[in-house]
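Me: I should like to learn how to read the features of a protein model. May we go through some of them together, beginning with a sheet?

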Amino acid sequence: APHSLLSPCSLRDRPICMCLRIDFVFAVSSDDNSELWLSTDQSPLNVQLLAWVGNTGTEWTAPGEFEKYASQTSRPVRCVKNTVYLKRDTFLKLFTNESDLRMSYVTHIPQTAASHEHTSSKQRRAAVDMLREDPRDTLYQVHLINSKFLQGILPDCTYNPTYTIKDYPLLRYQGLQFVQLSYIYPNDYTRLTHMEGENTCFYPESSYYKKMTEFKYEGSVKKVESKKTKVRSAKRQKVKATIKPEQTNSSALIGNGEIKAKQQLGVLPQRPGSKQHRNRRYSKTNHTQIQKLNESPVESQDRHDGAVPQKPTAANRQNTRGKTFKKESYLRGEWDHAGEEDGDHNRTESRGNATRGDSDSMWEQQGDMAMDPDEEDLTPAPVFDTRVNWNQTFQVNHLDLQSRRSDWIDLSCNVSGNLLLNPSDALTVVYAFMDRLNEKHKGRFTLVRVLNVVKRVDGYRGSRYLLELELKDANGQLLRLTHYIYTLIRHNPLRNQDFIFERSQPQLVLCNPVGFRWNPDATVHFIVPVKNQARWVQQLITDMEEVFRETGDSNFNLIITDYGSTDMDVEQVLQKSSLPRYQYVKLSGNFERSAGLQAGIDLIHDDHSIVFLCDLHIHFPSSIVDTIRKHCVEGYMAFAPIVLRLNCGSTPSDARGYWEVNGFGLLGIYKSDLDAIGGMNTREFRERWGGEDWELLDRILQGGLEVERIYLRNFFHHYHSKRGMWNRKMSASQT
């Protein structure tokens, strides 16, 4: 297996001698863009681009965050024993002192492919990671393994998870609180990283930063202005009376010092949408520790040279303050703010004291000067840049933001994407299952790659897994395995010497959940109610034709219930289409979504087929039929995929928008299960839509079913105007 190399490496071309023959996976994180190059040998002329963070200037990551972009992680690189490649440093050196070099001086930089501006062919493929090619998208093309090979591999067990709430008395719309997300492996990049410039909710909030912004950003401006007025009036009085510094009002000087400290040290927070705000936000909440490893020799020398007492001056205080600020807060204050409230307070207080010392020195210089009583001294205090330590290095730990997420639906964050399953968790189950499979069939099948693993967590009785693997049989034929298994948690009581029963460590037992099996041949019925939306109806039919053309799967049916459309003959367009199956029913009266869906449901006579309640303005991935089948299990589970709502002017090719995390109007469920809970509620939801999906969700959960909830790749809701739509009326007074 590839070895993950997440420790930082040097930015400069330096040799490294590999002592093992092993596959390495390199990863890079940066703010903003960065690239990682590696030579195939010792020569810098043979460098190749392995990993990078963006190329437009808008991409960025938190320190140690390696899973945000697909390009951050390299493919496995085979390194041969005793071959020189590149020097591997333990720590990442961020800076090189080039202050004495002229702008055009580049002779010290190796002139390789990495030294010049370029656009890699890999970087030109897709601007959005979710639009990259993924084996999941074409999984339906691989022939399914015969189900007889899956019989008897694991012992049977009863599937009865704790998260089902059959007959539980729910309040209206309370079912939303009982739907949880599933975990996915490998990363499907449904996280909308390209939209995080507008919404950074994926990064956890810091209570420390909230307190700082809520208090200071709202009240500090007025507070500082009032202090300025008091200090200026005090200064006028002091100058008029030519009072010596020892006789000045100390409170006024303290106020003046506080103002200058705030102005120079930037206490006012940045604008919430700015990049500085973004950096502070993720750095204060993560557990990444970035430590300063090498101290500046200049600072060490300054500390030892302080044996001879000297009269403090403004310059000395300023220099001392600069060094203190650099040592204490340049790294910790700017990068690692977790648990630094007391330290920040102390540093701010010390800065205020140092600034008050500067104020005293300034008064000493101005005490005997004649000054116009009406003239204000607005000369800014001198600002000294801190000395840069070019030899400083940092250690960055791996930051796993996914491990902090919960499987509860976060209605306040619509860019986060699917929960990612830990690789060790997924691969442990996969390898254990493959061992049982080959033990049963004497090594007939070989694992080629893990295509998809979906985990539904139940921490008490056991978690459910959907395994999707690509196998190769003894004849060399590629096969697809898509199979549900159950990891049952078994507690064996132990008896100690005092004959007291105690609970032992739980054991995980792989088993076959009896009855929990998907049907690869089930017919999927797409039901869409419409009225006077001719262009969108045509688009829907065209998209469904494309699904049939790409997959060759004829076992789906498009049902359109039409409330008397006058802008097109929907039935005639269906007859001219290349759809393998369709049904059309014409209704009268005002548009009613619930009644329109129920009219389509009544046309289905096969109770063991799947109903997919659908909207009109949907773009489907080519794998939609196969995906619905996999996640609908008769008598056990319905499927509510999360759709990406496109912004105005956006198309599926650029995918700018947000996930519709609280909508359940797109739902797949077996006809028998839908009939068992009473179908659509056509009595309460008449002449309107909105809320009927949540009400249906309540009854699905009360019926004992669970709802699979995942973010679905390439599944979009087109932006559209609501003008002239079904229950909207035109104003009679328009001019």
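Reply: Please keep in mind that this model is predicted. The general idea is that strands of a sheet pair through backbone hydrogen bonds, either parallel or antiparallel. Here, an open sheet of seven strands follows the order E9-E19-E16-E15-E14-E10-E13, and its pairing is mixed. Strand E9 (156-157) and strand E13 (419-420) stand at the edges with a single partner strand each, so one side of each has no neighbour in the sheet.

Me: How many bridges join strand E16 to strand E19, and in which direction do these strands run?

Reply: Strand E16 (residues 478-490) and strand E19 (residues 507-513) are joined by five bridges and run antiparallel. Within this pair, Ile489 stands opposite Leu508 in E19.

Me: Which strand is joined to E5, and by how many bridges?

Reply: Strand E4 (residues 34-39) is joined to E5 by six bridges, and the two run antiparallel. Ser39 of this pair stands opposite Val47 in E5. As for covering, six of the seven residues of strand E5 (residues 47-53) are buried.

Me: Where is Trp60 found, and why does it count as buried or exposed?

Reply: Trp60 is found in the loop between E5 and strand E6 (77-79). A residue is called buried when its relative accessible area is under 20%. Trp60 has 2% relative accessibility and therefore counts as buried. Consider also its place along the chain: Trp60 and Asp32 are 28 residues apart, while their C-alpha atoms are separated by 4.5 Å.

Me: Does the reasoning about burial carry over to a lysine? Why does Lys630 count as buried or exposed, and which residues is it in contact with?

Reply: The cut-off is again under 20%. Lys630 has 7% relative accessibility, so this residue counts as buried. Lys630 lies in helix H11 (residues 624-630). Apart from neighbours within four places in sequence, Lys630 is in contact with Leu139, Glu468, Arg480, Thr482, Tyr484 and Trp518.

Me: How should I read a whole helix, and what do the buried residues of H10 pack against?

Reply: One may begin with the covering of the helix. Helix H10 (residues 593-601) is mostly covered, with eight of its nine residues buried. Among the buried residues are Arg593, Leu597, Gln598 and Ile601. The buried residues of H10 pack against three strands and two helices, namely strand E20 (524-530), strand E21 (556-562), strand E23 (610-613), helix H12 (671-676) and helix H13 (692-702).

Technical notes:
Residues are numbered from 1 along each chain as its sequence is written. This is a predicted model: local features need pLDDT of at least 70, side-chain atom pairs count only at pLDDT 80 or more; totals for chains, interfaces and linings use all residues. Side-chain values use heavy atoms; hydrogens and water are left out. Buried means under 20% relative accessible area, exposed over 50%, partly exposed in between (1.4 Å probe, protein chains only). Helices (H or I, at least four residues) and strands (E, at least two) are DSSP runs, numbered from the N terminus. Contact means heavy atoms within 4.5 Å. Two strands pair if DSSP finds at least two bridges between them.
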